[in-house]
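Colleague: Please show me the structure. I would like to go through the labels on its side-chain contacts and hear the reasoning behind each.

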Amino acid sequence: MYVDLSDIIMALLLHILKSFTMAKNKIVYECSECGEKHPKWQGKCASCGSWNCLIETIFEDYPAKNNRFDGLTQTSQVVSLSHVEAQDILRKNTGISELDRVLGGGIAIGSVILIGGDPGIGKSTLLLQTMDQLSKANKVLYVTGEESIQQVALRANRLGVHSNDNLRLMAEIGLSQIIKAIDKESPQIVVIDSIQTTYTELLQSAPGSVAQVRECASILTRIAKQKHITIIMVGHVTKDGSIAGPRVLEHIVDAVLYFEGEQHSNFRMLRGVKNRFGAVNELGIFAMTDKGLREVNNPSALFLSSHRSKTPGSCILITQEGTRPLLVEVQALVDQSHIMPPKRLAVGMDGYRLSMLIAIMQRHIDLKLFDQDIFLNVVGGVRVTEPAVDLAVTLAIISSYKNKALPEKLAVCGEIGLSGEIRTIQKGQDRIKEAVKLGFERIIVPKANLPKDKIPDVEIIAVQNLSEVINYCF
Ligand code: TYD
Ligand code: MG
């Protein structure tokens, strides 16, 4: 076949010209430790020597036109703080009060929320129910990258979610398509289920990779701030329970919520771990039913429903979760060990704290626990992280060791110091009130937490050290 040489030269010239005039987006691999850029992926950073730290990123030549970060730099004037008019955050009630509580009083408009949790825990269910409520007064867009639209519709039927024209659905994983849909539909709230399935064409790596997750989240965050819409992203969690993807994901967003619960229990807990618009460590409690998630308004009563008093090894703890006091049962089993060292296991609390309390008991009340297996469980799948759990754990262990039940209708709270002293705890009054409300008649509290006024029919025992507690209980 005859080909004109001048045609080939022309085509070549055109190609070279085009590559010069095109947007100069380059893929580089940036070290997450030292920031050094490499043209190719490699296992080790040649600059700082760290392993497995190169992340695919888009590198734009400076000053590039159409910078993808333009939106962030438009308003960056320097002003005096006194001249800035602070506006109250506008919030929308979701219609699900437990969720509102965790968010600090409703969804803040223009915020970006990340919800993480194990597979099958109920993230999609919760969001579909929330969007149903919100769609009564707002236009919402639910983008699913994991299920088909039919699957979502089936779930909606099961949940009794009434078809509403304001609840718009989309099954899509391409970020550019999602952005187009947001532009077209102009929703006030967008759900991205999940951020790990979303991808941007700007990067070559697969959806779910660190680079993709980070890039998609930051683009979506920028859109939320520019358009003043709320974006809720679902995030998968890794084996150790943290949200998969870069840690930076949690830095980008305004609020991070974890949806947790035991596999074999119906209860689900929504915990706020970061919130730029409210308090953290708030706990929302739900029950998974055949009609979706139902709010649990009186969780203490529920956690204690199976509690039988007069059982050795059981003690009721008054814990505080965010703004809400919560009564939970702490159970201990102490048994002669046949192996050395003996077994120590804590479910629902920190294992190191348990070891510390065992040492305190051995040293200060002369309890011989060195040859005993000790198992501890906070009933109901709650995880208690505050130090006020100490007294309940100690009493449960002693009660099981002595095989003697604690006095009836007793609830306790208090931190124990290394010298056996009972230390003051926060929000003592709220805790006492909650225990009284639930019918407890004996409440052990640290001395400084003793209320000024007497409560009729309730004995408040203020204690200063561990020996006083033992004298009262056994
Ligand atoms: P899902 O919301 O799909 O979980 P995630 O999005 O976190 O992966 O929840 C799925 C689980 O919830 C599934 O195991 C079944 C259960 N479920 C119910 O028990 N009742 C219901 O009404 C629904 C919709 C789900
Ligand atoms: Mg899901």
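Modeller: This is a predicted model. The count of salt bridges comes to 20.

Colleague: What makes R276 and D254 a salt bridge?

Modeller: The N to O distance between the side chains of R276 and D254 is 2.8 Å. The cut-off is 4 Å, so the pair qualifies. R276 lies in the loop between β12 and β13, and D254 in the loop between α8 and β11, so the bridge ties together parts that are 22 residues apart in sequence.

Colleague: Why is D254 called buried and R276 partly exposed?

Modeller: D254 has 3% relative accessibility, and buried means under 20%, so the label follows. R276 has a relative accessible area of 46%, which falls between 20% and 50%, so R276 is partly exposed.

Colleague: How do you know that R353 and E415 form a salt bridge?

Modeller: The closest N and O atoms of R353 and E415 are 4.0 Å apart. The rule asks for within 4 Å, and the pair is counted as a salt bridge. R353 is in helix α10 and E415 in strand β20, 62 residues apart.

Colleague: Why do R353 and E415 get their accessibility labels?

Modeller: E415 has a relative accessible area of 19%, under the 20% limit, so E415 is buried. R353 has 22%, which lies between 20% and 50%, so R353 is partly exposed.

Colleague: What makes E441 and K409 a salt bridge?

Modeller: Their closest N and O atoms are 3.9 Å apart, within the 4 Å cut-off, so E441 and K409 qualify. The pair ties together parts that are 32 residues apart in sequence. E441 at 36% is partly exposed, and K409 at 40% is partly exposed too.

Colleague: Which residues are linked in a network of salt bridges?

Modeller: The network links E98, R101, E282 and R324.

Colleague: Turning to the rings, why is the pair of F259 and F286 called edge-to-face?

Modeller: A search of the whole structure finds one aromatic pair. The ring centres of F259 and F286 are 6.0 Å apart, within 6.5 Å, so the rings pair. Their planes stand at 80°, over the 60 degrees required, so the pair is edge-to-face. F259 lies in strand β11 and F286 in strand β13. F259 is buried at 2%, and F286 is buried at 1%.

Colleague: Where does the charged end of K402 sit?

Modeller: The charged end of K402 sits over the ring of F474, 5.9 Å from its centre. The distance limit is 6 Å, so that part of the rule is met.

Technical notes. Residues are numbered from 1 along each chain as its sequence is written. Chains are lettered from A and ligands numbered from 1 in the order in which they are written. This is a predicted model: local features need pLDDT of at least 70, side-chain atom pairs count only at pLDDT 80 or more; totals for chains, interfaces and linings use all residues. Side-chain values use heavy atoms; hydrogens and water are left out. Rings of Phe, Tyr and Trp (its six-membered ring) pair if their centres lie within 6.5 Å; planes under 30 degrees apart count as stacked, over 60 as edge-to-face and the rest as tilted. Helices (H or I, at least four residues) and strands (E, at least two) are DSSP runs, numbered from the N terminus. Buried means under 20% relative accessible area, exposed over 50%, partly exposed in between (1.4 Å probe, protein chains only). A charge sits over a ring if NZ of Lys or CZ of Arg is within 6 Å of the ring centre and within 35 degrees of the ring normal.
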